[in-house]
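Reader: I have a chain open on my screen and would like to go through it with you. May I begin with a side chain and work outwards?

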Amino acid sequence: MSGAGDPTLDSLVFNADGLLPAIIQDDENGDVLMLAWMDREAIHRTLTTGRVTFWSRSRQEYWRKGDTSGHTQYVRSVAMDCDADTLLVRVVQIGAACHTGERSCFDGRGMEAVQGTVER
């Protein structure tokens with residue numbers, strides 16, 4: 001396994017399947033593009049190649065965003081959250097991020113919700 005003994009990777013908290021969620025965000029405008037899963041190797045590949053790699057839970061294999069679709073993601077930064085169990089990967093997105101062909105996996109999928117009242 002690549003990245004063995006890497007203190008940064010060693011500090012991450014993976015779920016029982018050895019995965020953690022990675023939120024992918026457009027570095028230019030801040031839009032949330034997608035969420036996918038990474039294991040230690042996918043994170044290592046992402047950190048060392050400049051391209052985002054995920055672990056496909058359905059296919060049980062690694063996939064580098066854009067290799068088949070041409071819709072690539074180029075890494076600009078990677079940060080872990082305060083619990084070290086989620087990553088935020090800021091990217092330059094070329095083409096659509098969603099497998100449906102949309103720019104974002106969250107485009108046009110809003111849910112009706114009551115808005116909370118801000119108390120100050």
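Reader: Is Arg64 buried, partly exposed or exposed?

Author: Please note that this is a predicted model. Arg64 is partly exposed, with a relative accessible area of 34%.

Reader: Which side chain does Arg64 meet in a salt bridge?

Author: The side chain of Arg64 meets that of Asp67, at 3.1 Å from N to O. Asp67 counts as partly exposed, at 47% relative accessibility.

Reader: Which residues are linked with them in a network?

Author: The network of salt bridges links Arg51, Arg64 and Asp67.

Reader: How many salt bridges does the structure hold?

Author: It holds seven. One of them joins the side chains of Glu41 and Arg45, with 2.9 Å from N to O. Another joins Arg59 and Glu61, at 3.1 Å.

Reader: Why might such pairs form at all?

Author: As a general point, side chains of opposite charge can pair when their charged atoms come close.

Reader: How far apart in sequence are Glu41 and Arg45?

Author: They are four residues apart in helix α2, which spans residues 40–49, so about one helical turn separates them. Glu41 counts as buried at 13% relative accessibility, whereas Arg45 is partly exposed, with a relative accessible area of 30%.

Reader: And Arg59 and Glu61, are they buried or exposed?

Author: Neither word fits. Arg59 is partly exposed at 48%, and Glu61 is partly exposed at 38%.

Reader: Let us step back. What is the order of helices and strands?

Author: Along the sequence the pattern is α-β-β-α-β-β-β-β. That comprises two helices and six strands.

Reader: What box do the C-alpha atoms fill?

Author: The box is roughly 45 × 40 × 30 Å, taken along the principal axes. The chain has 120 residues, and buried residues make up 36% of them. The accessible surface comes to about 7,500 Å², and carbon and sulfur atoms account for 50% of that.

Reader: How are the charges of the chain distributed?

Author: There are 12 positive and 18 negative charges, and their mean positions are 6 Å apart.

Reader: Now the interior. Which residues touch the most other members of the largest nonpolar core?

Author: Ile24, Met38, Val52, Leu87 and Val89 do, in a core of 18 residues. The elements giving two or more residues to this core are β1 (20–26), β2 (32–38), α2 and β6 (87–93). Strand β2 gives the most, with four residues.

Reader: Is there a general tendency behind such a core? What is it?

Author: In soluble globular proteins, nonpolar side chains tend to be buried together.

Reader: Where is Gln25 found, and what does it touch?

Author: Gln25 is in strand β1. Leaving aside residues up to four places away in sequence, Gln25 touches Gly30, Asp31, Val32, Leu33, Leu88, Val89, Arg90 and Val91. Gln25 counts as buried, at 14% relative accessibility.

Reader: Which strand holds Tyr62?

Author: Tyr62 lies in strand β4, residues 61–64. Tyr62 is partly exposed, at 27% relative accessibility. Beyond residues up to four places away in sequence, the residues that Tyr62 touches include Glu41, Arg45 and Trp55. The first two of these names are the partners in the 2.9 Å salt bridge.

Reader: How far is Tyr62 from Leu12?

Author: They are 50 residues apart in sequence and 19 Å apart in space, C-alpha to C-alpha.

Reader: One more topic, the backbone. What is the phi of Gln60?

Author: Phi of Gln60 is near 55°, a positive value in a residue other than glycine. Most residues other than glycine have a negative phi. Gln60 is placed in the loop between β3 (53–56) and β4.

Reader: What about the phi of Ala84?

Author: Phi of Ala84 is near 60°, also positive in a residue other than glycine. Ala84 lies in the loop between β5 (73–80) and β6.

Reader: Are Gln60 and Ala84 buried or exposed?

Author: Gln60 is exposed, with a relative accessible area of 52%, whereas Ala84 is buried at 10%.

Definitions and conventions. Residues are numbered from 1 along each chain as its sequence is written. This is a predicted model: local features need pLDDT of at least 70, side-chain atom pairs count only at pLDDT 80 or more; totals for chains, interfaces and linings use all residues. Side-chain values use heavy atoms; hydrogens and water are left out. Buried means under 20% relative accessible area, exposed over 50%, partly exposed in between (1.4 Å probe, protein chains only). Accessible areas come from the Shrake-Rupley method with a 1.4 Å probe; for residues, only the protein chains shown count as cover. Lys and Arg count as positive and Asp and Glu as negative; His and the chain ends are not counted. The place of a charge is taken as NZ of Lys, CZ of Arg, CG of Asp or CD of Glu. A salt bridge is a side-chain nitrogen of Lys or Arg within 4 Å of a carboxyl oxygen of Asp or Glu. A nonpolar core is a set of buried Ala, Val, Leu, Ile, Met, Phe, Trp, Tyr and Cys residues joined through side-chain atoms within 4.5 Å. Contact means heavy atoms within 4.5 Å.
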